[in-house]
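Welcome, and thanks for taking a look at this one. Please have your viewer open as you read along.

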Amino acid sequence: MIEAASVLFVLCGLVFLALAVKPSYRICQSIEYRSWYLLFILILTFILGYSFFLLVLLSNPVTFLELGLSAILAGGGAFVIIVIRLSLSSMTQIQKNADARYVEARSDPLTKLYNRLYFSEYLNQAISKGAPFAIIMADLDRFKEINDTLGHAVGDKLLIQIGDRIQNSLLKSDVIARLGGDEFALIINNVDESSCLSEAQKLTDVMEDAFAIDDHLLVIDMSIGIAMFPENGFDSEALLKNADIAMYVAKQNNQNYVLYDPSIDTLSPKKISVISKINDALLEQEFELYYQPILSPADNRLKGFEALIRWPQANGTIISPAEFIPLIEQSRFIGKITRWVILQAIQKAYGWNRDYLPVCMSVNLSSSDVLDKELVPYIRDCLERYPISPSLLCFEITESAIMLNMERAKYVIYNLTSMGVTIALDDFGTGYSSLSLLRELPAQIIKIDRSFVMQITANLEDFSIVKSMLELCHRLGKEVVAEGVETQAIFEELQNIGCDYIQGYYCSKPINYDDTCVWLDSYIKNNQTVITMGYEPNIS
Ligand code: C2E
Ligand code: CA
Ligand code: CA
């Protein structure tokens with residue numbers, strides 16, 4: 001009886017140990033700690049020890065001491081299997097959590113596609129492997145309009161459906177990621193130029209059928225830019241930049257897709273270089289704001305400043321906004337630049353109002369900005385950060401910007417005025433609908449374009465136009481700023497005909513922040529009167 005019980009105990013212990021062999025080996029393989037190998041070897045040694053003891057039990061009469069020992073051995077075996085199994089399942093759970101976190105950090109929460117992080121990791125890997133591939137940048141056309149008119153919920157569902165459709169059209173070896181907003185990027189492996197173009201055509205075809213979202217049937221196009229590795233770049237930066245340029249060319253030319261070619265000649269080299277540098281310039285805070293005073297000719301009093309962006313270059317030159325703003329006006333960069341300008345301008349206005357005197361700050365908006373419904377909440381946030389009265393903030397909008405989409409522009413402009421900020425109609429007289437805009441827009445200020453102002457002392461027609469515009473605006477209860485006042489004669493003429501405000505080189509060229517502080521100091525020293533003659537800033 002004692003023999004049978006002892007043998008049974010040792011056998012149980014042996015079975016437990018044997019069951020622990022495989023999981024402990026799996027632990028050894030999945031983890032780098034050498035101590036686990038020691039445990040594994042110990043288990044094997046125990047198995048040998050248990051077997052030897054079993055033989056002893058079988059070949060000799062069993063004592064009570066040996067029976068007790070056998071029971072302890074069975075318990076030891078059970079202990080080992082429990083510890084090993086628990087360790088393995090904890091490790092598996094930890095690994096699963098780590099895997100989930102890894103996947104989560106690399107996937108886009110909305111579309112469940114890969115995100116920018118994974119894409120750049122994959123891209124770098126693909127480059128280091130050296131096999132040819134194509135990188136495709138795809139940007140939706142007028143997605144913002146859908147978002148703004150039908151709401152973000154519809155926009156989100158559309159992005160999900162688009163992601164699904166593209167993914168279903170791809171081979172398993174290809175990768176698609178959503179880089180952000182309405183921008184998707186793909187890597188198509190092992191392709192040459194012609195098969196890559198047919199992939200791009202496939203993507204275009206995929207977008208052809210309407211997307212059914214809630215009660216809407218939405219048709220949306222995509223602009224696709226393609227860059228090939230290694231032909232169009234040896235590193236990820238060059239490839240992404242070139243695919244981006246090709247995509248931009250596609251958008252500009254209303255083409256479905258464009259393969260990058262160094263000789264893309266639909267864009268001037270300058271335009272290409274500007275577009276490709278603008279994102280970095282924003283990240284590196286390369287832009288600078290200059291300020292040009294606006295003053296009343298009646299008593300030389302300062303009304304405020306117009307903020308004008310500048311892009312200083314490493315070689316000491318400055319790219320003027322007239323050069324780069326039109327190039328990016330239809331791109332996604334303009335919204336970023338406008339936001340940067342708004343924040344800077346409000347911050348500086350806050351400082352000047354606190355340290356000097358109440359001054360208005362005027363900021364220029366582009367055509368895309370007046371369609372951007374997110375801009376109003378952004379301005380509200382900026383005003384919360386730097387609390388100045390909204391009435392000290394003025395947004396200058398050109399006629400042509402408004403005419404692109406009158407209804408949407410009106411919506412944004414009414415939202416702006418309901419915040420209490422001022423609207424100025426910029427470059428007035430140069431568009432086609434000046435008079436109807438005067439009637440329909442809640443613009444309190446009209447800025448007469450400098451092309452009418454600069455010749456008023458030499459050209460009677462120009463003088464008559466400016467004088468009539470002034471009278472018309474005054475009758476409508478609006479204030480007038482004459483732009484481009486360069487000489488004393490023009491200044492005095494505008495003074496005589498009762499122009500409310502003037503702006504021009506005669507008072508000051510646009511100057512940087514530090515010079516503006518110096519300028520304000522001298523303005524205050526001169527009893528808050530602008531010294532128009534003799535002040536010659538050395539920076540244009
Ligand atoms: P704008 O809004 O009509 O700005 C006035 C432009 O006239 C400025 O050119 C200014 O330097 C120039 N100016 C001022 N006084 C005189 C003068 O007496 N004579 C002459 N000949 N010119 C004068 P700037 O700074 O080169 O800006 C050009 C345009 O770029 C601006 O025209 C505006 O449309 C755009 N811009 C400037 N900054 C921004 C910005 O932050 N955002 C946007 N969206 N556009 C901007
Ligand atoms: Ca302006
Ligand atoms: Ca202007």
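What follows is a short tour of a pocket, a calcium site and some aromatic contacts in this predicted model.

## The second largest pocket

Let's start with the second largest pocket, which has a volume of about 1,300 Å³. Its lining is made up of 43 residues, and the closest to the pocket centre are Glu-306, Leu-308, Pro-321, Ala-322 and Asn-364.

Which strand gives the most to this lining? That is strand β9, spanning residues 301-312, with 5 residues. If you are thinking about the chemistry of the lining, the split by class is 19 nonpolar, 13 polar and 11 charged residues.

## A calcium site with a bridging aspartate

Next, have a look at the calcium ion (ligand 3). Its protein donors are OD atoms of Asp-426 and Asp-427, together with Glu-483, which is listed twice through OE. These donors lie 2.1 to 2.7 Å from the ion. Along the sequence, the donor residues follow the spacing D-D-x55-E.

Asp-426 also has a second partner: this residue bridges the calcium ion (ligand 3) and the calcium ion (ligand 2), and the two ions lie 3.8 Å apart. Are the two aspartates buried or exposed? Asp-426 has a relative accessible area of 5%, so this residue is buried. Asp-427, at 26% relative accessibility, counts as partly exposed because that value falls between the 20% and 50% limits.

## Aromatic pairs

The count of aromatic pairs in the model comes to 16. One of interest is formed by Phe-287 and Trp-311: the ring centres are 5.2 Å apart and the planes meet at 45°, so the pair is tilted. The two residues come from distant parts of the chain, 24 residues apart, with Phe-287 in the loop between α9 (269-283) and β8 (288-296) and Trp-311 in strand β9.

Both partners can be checked against the 20% limit for burial. Phe-287 is buried, with a relative accessible area of 5%, and Trp-311 is buried as well, at 0%.

There is also a cluster to explore, in which ring pairs link Tyr-291, Phe-305, Trp-352, Tyr-513, Trp-519 and Tyr-523.

## Charges over rings

Finally, here are two contacts between a charged side chain and a ring. Arg-339 places its charged end over the ring of Tyr-378, 5.4 Å from the ring centre. Lys-509 has its charged end over the ring of Tyr-505, at 5.1 Å from the centre.

Definitions and conventions
Residues are numbered from 1 along each chain as its sequence is written. Chains are lettered from A and ligands numbered from 1 in the order in which they are written. This is a predicted model: local features need pLDDT of at least 70, side-chain atom pairs count only at pLDDT 80 or more; totals for chains, interfaces and linings use all residues. Side-chain values use heavy atoms; hydrogens and water are left out. On a 1 Å grid over the protein atoms alone, a cavity is a set of points where a 1.4 Å probe fits but cannot get out, and a pocket is an open set with protein on both sides within 12 Å along at least five of seven lines; lining residues have an atom within 4 Å of a point. Grid points are joined across faces, edges and corners, and a volume is the space filled by probe spheres set on the points. Helices (H or I, at least four residues) and strands (E, at least two) are DSSP runs, numbered from the N terminus. Ala, Val, Leu, Ile, Met, Phe, Trp, Tyr, Cys and Pro count as nonpolar, Asp, Glu, Lys and Arg as charged, and the others, Gly among them, as polar. Donors are N, O and S atoms within 2.8 Å of the metal (3.2 Å for Na, K and Ca); water is not among the atoms, so sites may look incomplete. Buried means under 20% relative accessible area, exposed over 50%, partly exposed in between (1.4 Å probe, protein chains only). Rings of Phe, Tyr and Trp (its six-membered ring) pair if their centres lie within 6.5 Å; planes under 30 degrees apart count as stacked, over 60 as edge-to-face and the rest as tilted. A charge sits over a ring if NZ of Lys or CZ of Arg is within 6 Å of the ring centre and within 35 degrees of the ring normal.
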